[in-house]
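Please look over the chain shown below. A short report on selected features follows.

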Amino acid sequence: MLGSEEVGSAYANPLKSIPSVFSRLAQWLQSASAEVWVKFLLALVGLGLAFATALFSTVSRDAGNLWATVILASMSLLLATLVGLVTVPYLARRVAVERLRESFDYDVTRAGIVYVLVTLVIGIAALNTGNNLLYIVVAAMLAAILVSGVVSAWVLRWLELDVRLPEHVFAGRPVWGRIVLHNPRRFLPSFSIRVVSTRKKRKKSVKQWQWEATTFAFPFNRPSEQQWLRLPDRRLRRVTVLPPPPGIFQGMAYFPFLPPQAELSADLELRFDQRGRYREDSFGLATRFPFAFLTKTRHVSLPREVLVYPRIEPTDEVFEILPLVRGEWESFVRGRGSDLYRIREYMPEDSARHVDWKATAKSGSLKVREFAREDERKLCIAFDNPEPGLISERAYEKAVDLTASLAWHFSTQEAELSFALPGRPRTRDLHEFLAWLAVIEPGTVEPGAGNSANALAEKAVSAGDALRAMNLGSSDDYNIVITARPRGSLPTPLWNSSYFVFAREDASPKIVSR
């Protein structure tokens with residue numbers, strides 16, 4: 001399931017065998033914490049050797065041995081430099097990652113502002129009057145602020161969060177996600193915990209200063225192959241930062257009390273109005289416990305992504321198309337089979353064993369039975385992705401939703417169904433096709449696998465011949481093609497085996513059968 005991870009039990013299994021000391025040591029040596037300790041111990045050994053060589057260089061200088069002093073001092077400096085270049089950056093990165101993982105945000109509440117103002121007033125009164133009782137009151141109020149910060153941090157620390165999302169999500173339909181919060185501590189509970197989104201609500205692009213990687217070259221006004229000095233450099237530029245993509249949820253889940261070594265879950269209703277890819281890189285655990293002076297939020301790095309399929313609502317366009325498509329499709333697949341399609345006039349190429357003698361006797365002319373070919377009920381739904389600017393964004397979204405609705409409807413019928421999209425291999429997986437439609441844009445296709453078939457298809461699409469790239473006329477399938485092309489630009493051979501739905505700017509698509 002997308003974005004779903006199982007959380008193990010918080011209790012030990014008594015049936016499991018207790019690992020030996022050597023196995024525990026081996027597991028510890030393979031962990032990331034062992035690598036940190038090894039680096040730290042190597043740094044201590046290196047700095048100890050550097051200090052020892054520095055002491056010996058001092059002894060050599062007092063003894064008057066110049067060369068020994070120079071060699072030992074150089075070795076000491078070299079060892080210290082080596083430790084600084086190899087070990088210190090690694091440990092600094094580890095500390096930065098841990099601090100980022102345990103980063104906290106502080107927001108002062110309205111009650112906190114009032115409390116601070118009252119504390120300031122009492123503090124000023126204590127300074128003016130010199131009353132010891134006021135000093136005690138101010139000290140107690142300041143201590144309450146300190147206790148609030150420390151206790152709220154301890155309430156949030158060590159909590160484990162998991163967000164489970166449904167596998168298949170459609171735009172416009174509410175679904176339920178599950179938020180699981182686990183407290184691994186033995187004795188300390190947590191109070192008044194809220195799980196919130198840490199995504200900043202920004203809808204407009206902003207200008208920001210950012211460092212960009214560049215190359216310092218000399219001489220300046222020469223080609224790169226004639227420049228004899230090229231060094232990596234960085235420059236500061238003012239760039240336009242686009243607003244972040246939409247997040248998964250904007251609500252919150254509230255846990256009033258979380259006991260030690262317990263796991264609680266809350267279901268949260270999610271609703272996505274538009275198709276596309278929604279992502280959250282981190283979530284926040286917030287609390288106002290114990291005095292509601294501060295809202296402290298701990299950032300939890302937990303990447304989650306959900307792919308929202310297009311809408312599959314039964315609109316008026318779908319109800320208008322389905323009877324016409326079914327009639328044209330049945331006409332296309334008529335032939336030999338077990339289901340009677342119609343009784344018609346005898347043709348020279350018909351077999352005599354299909355003559356209907358009762359109908360012949362009633363009408364006075366030779367009649368034959370025509371059957372539907374159940375073994376060849378093959379249908380292909382194709383979306384001819386238009387070029388940018390060919391139709392409006394609203395018409396494009398309606399065409400994508402119509403394609404998804406038709407695919408969902410015919411997937412429940414007794415037919416061999418396939419799907420085609422420019423730049424993609426033909427597939428029979430409905431959800432794979434819906435995933436492609438979820439991220440498709442005019443004139444572009446989400447990059448696919450790097451095999452030769454896809455490369456040839458993408459090359460044909462780039463040349464503007466998307467219909468030919470989909471090979472709609474190379475099989476016995478009946479095609480339903482949703483396109484925005486002019487009617488006169490469609491390949492003539494496709495009219496005999498295809499049903500075209502033209503995306504238009506008005507409310508309903510134009511329907512043209514074969």
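## Contacts of T360

Two residues are in contact when heavy atoms of each lie within 4.5 Å. The model here is predicted. On that cut-off, T360 touches V355, S365, L366 and K367, leaving aside residues up to four places away in sequence.

T360 sits in helix α8, residues 357-363. Is T360 buried or exposed? Buried means under 20% relative accessible area. T360 has a relative accessible area of 13%, so T360 is buried.

## The chain as a whole

The chain has 514 residues, and 37% of them count as buried. Its secondary structure comes to 12 helices and 19 strands. About 31300 Å² of the chain is exposed. Carbon and sulfur atoms supply 60% of that area.

Contacts across the sequence can also be sorted by separation. Take the contacts with a separation of 6 or more: 69% of them join residues 24 or more positions apart.

## Helix α6

Helix α6 covers residues 132-156, 25 residues in total. From first C-alpha to last, α6 reaches 37 Å. That is close to the 36 Å expected at 1.5 Å a residue. At its N-terminal end, α6 is capped by N131. A side-chain oxygen of N131 lies 2.9 Å from the backbone nitrogen of L133.

Which residues of α6 are buried? They are V138, M141, A144, S148, G149, S152, A153, V155 and L156. These buried residues pack against one helix and several strands: α5 (110-129), β1 (104-108), β5 (190-197), β10 (276-287) and β11 (294-309).

## Helix α9

Helix α9 runs over residues 393-410. Its 18 residues should span 26 Å at 1.5 Å a residue. The end C-alpha atoms of α9 are 26 Å apart, which agrees.

Why is α9 called largely enclosed by the rest of the structure? The reason is burial: 13 of the 18 residues of α9 are buried.

## A nonpolar surface patch

V108, I113, V116, L117 and L120 make a nonpolar surface patch of about 440 Å². Which element gives the most to the patch? It is α5, with four residues.

I113 belongs to helix α5. Partly exposed means between the buried limit of 20% and the exposed limit of 50% relative accessible area. I113 has 45% relative accessibility, so I113 counts as partly exposed.

## Backbone exceptions

Most residues other than glycine have a negative phi, and most peptide bonds are trans. Some places in this chain depart from that pattern.

W158 comes just after α6, in the loop between α6 and β2 (160-164). Phi of W158 is near 75°, a positive value in a residue other than glycine. Q261 is not a glycine either, and has a positive phi of about 50°. Q261 lies in the loop between β8 (252-258) and β9 (262-270). The relative accessible area of Q261 is 28%, so Q261 is partly exposed.

What kind of peptide bond joins F289 and P290? The bond is cis, with omega about 5°. P290 is placed in the loop between β10 and β11. Both of these strands are among the elements that the buried residues of α6 pack against.

Notes: Residues numbered from 1 in each chain as written. Predicted model: local features only at pLDDT ≥ 70, side-chain atom pairs only at ≥ 80, totals over all residues. Heavy atoms only, no water. Helix = DSSP H or I, 4+ residues; strand = E, 2+ residues; numbered from the N terminus. Expected span 1.5 Å × (residues − 1). Buried < 20%, exposed > 50% of the residue type's maximum accessible area, 1.4 Å probe, protein only. Polar contact = N/O pair within 3.5 Å; in protein donor to acceptor, adjacent residues only side chain to side chain. Patch = residues over 30% accessible without salt bridge, like charges linked within 9 Å, V, L, I, M, F, W, Y side chains within 5 Å. Areas by Shrake-Rupley, 256 points an atom, 1.4 Å probe, with all protein chains shown as cover. Salt bridge = Lys/Arg side-chain N within 4 Å of Asp/Glu carboxyl O.
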